[in-house]
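Suppose a learner sits down with a teacher to work through a protein model, one feature at a time. The dialogue is best read with the coordinates open alongside.

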Amino acid sequence: MAFEALKATLEHNGFQVSVFATKEDATAYLNREIDNTTVGMGGSMTITQMDLKENLSAHNLVFSHGYTLCDAPQVQKLAANADVYILSANAIAENTGEILNIDGRGNRVASSLYGHKKVYLLAGKNKISPDFESALFRLRNVVAPKNAQRLKRNTPCAAKGDKCYNCSSPERICNGLVVLYKKMMGMDMEVILIDEELGY
Ligand code: SF4
């Protein structure tokens, strides 16, 4: 089974873990599990590729980019108070199960720590790194530059797309790093591992 050792490591760290061969299978599972509730979503190419917003919006109240009934700061507050929150993991260290996320504003990583009944963390196979050091390197030199390019940020990494320049740009995309060593107290957390390349 794909991810067998990582699944056991994450379960040892307190997380529920579900493994899927395809993003379609994972989306169908989440569509069954998350019903008639409020859902917040962090910005994520994985979420977009899984068509999660479209699927879950049909039978839940989903607060994410594109919600048009209020402005962006209000959407972020509503998402922060939703019963369920979904984000992708930027990287997972295979040897320890540490889950790493980096963020510019902080709303996405804050929701990975507190405030919901349940948090789902999505990860395609490209998000798995051998250890913490390689995961952090990947975050700073691959994930952040690609997201900066996608969001058209005025940062050196967005201009060149090759590595992190540890910039001081006001539009810097990576101001905070959150590492989940274990599941947080007081809320359910499930890792969704998908045996496909998804997101950055
Ligand atoms: S510190 Fe600046 S250059 Fe480095 S990844 Fe973040 S935004 Fe890009």
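What follows is a conversation about a helix, some backbone angles and a ligand site in a predicted model.

Q: Which residues of helix α1 are buried?

A: As a general idea, an α-helix has 3.6 residues a turn, so residues three or four places apart point the same way. In this model, helix α1 spans residues 4-12, and Leu-6, Lys-7 and Leu-10 are its buried residues. Seen down the axis of α1, these buried residues fall within an arc of 105°, so they line one face of the helix.

Q: What does the buried side of α1 pack against, and which exposed residues does the face turned away from it carry?

A: The buried residues of α1 pack against the strands β1 (16-20), β5 (91-93), β6 (99-103), β8 (128-129) and β10 (188-194). On the face turned away from that buried side, α1 carries the exposed residues Glu-4, Ala-5 and His-12.

Q: How should I read the sign of phi along the backbone?

A: The general idea is that most residues other than glycine have a negative phi. Just after α1, Gly-14 takes a positive phi of about 100°. Asn-36 also has a positive phi, of about 55°, although Asn-36 is not a glycine, and Lys-152, again not a glycine, has a positive phi of about 55°.

Q: Where are Asn-36 and Lys-152 found, and are they buried or exposed?

A: Asn-36 has its place in the loop between α2 (23-33) and β2 (38-41), and because its relative accessibility is 69%, above the 50% cut-off, Asn-36 counts as exposed. Lys-152 lies in the loop between α7 and α8, and with a relative accessible area of 71% Lys-152 is exposed as well.

Q: Where does the ligand sit, and which residues are around it?

A: The ligand sits in the largest cavity. Around the ligand are Arg-140, Ala-144, Thr-155, Pro-156, Cys-157, Cys-164, Tyr-165, Asn-166, Cys-167, Arg-172, Ile-173 and Cys-174. The elements that give two or more residues to this shell are α7 (132-150) and α8 (156-160). By class, the shell has eight nonpolar, two polar and two charged residues.

Q: How far apart are the C-alpha atoms of Val-142 and Lys-163?

A: Separation along the chain and separation in space are two readings to keep apart. The C-alpha atoms of Val-142 and Lys-163 are separated by 6.6 Å, while the two residues are 21 residues apart along the chain. Val-142 has its place in helix α7, and with a relative accessible area of 31% Val-142 is partly exposed.

Definitions and conventions: Residues numbered from 1 in each chain as written. Predicted model: local features only at pLDDT ≥ 70, side-chain atom pairs only at ≥ 80, totals over all residues. Heavy atoms only, no water. Near = heavy atom within 4 Å. 1 Å grid on protein atoms, 1.4 Å probe; cavity = no way out; pocket = protein on both sides within 12 Å on 5 of 7 lines; lining within 4 Å. Sits in = over half its atoms within 2 Å of the grid points. Helix = DSSP H or I, 4+ residues; strand = E, 2+ residues; numbered from the N terminus. Nonpolar A, V, L, I, M, F, W, Y, C, P; charged D, E, K, R; others polar. Buried < 20%, exposed > 50% of the residue type's maximum accessible area, 1.4 Å probe, protein only. Arc of directions from axis to C-beta. Contact = heavy atoms within 4.5 Å.
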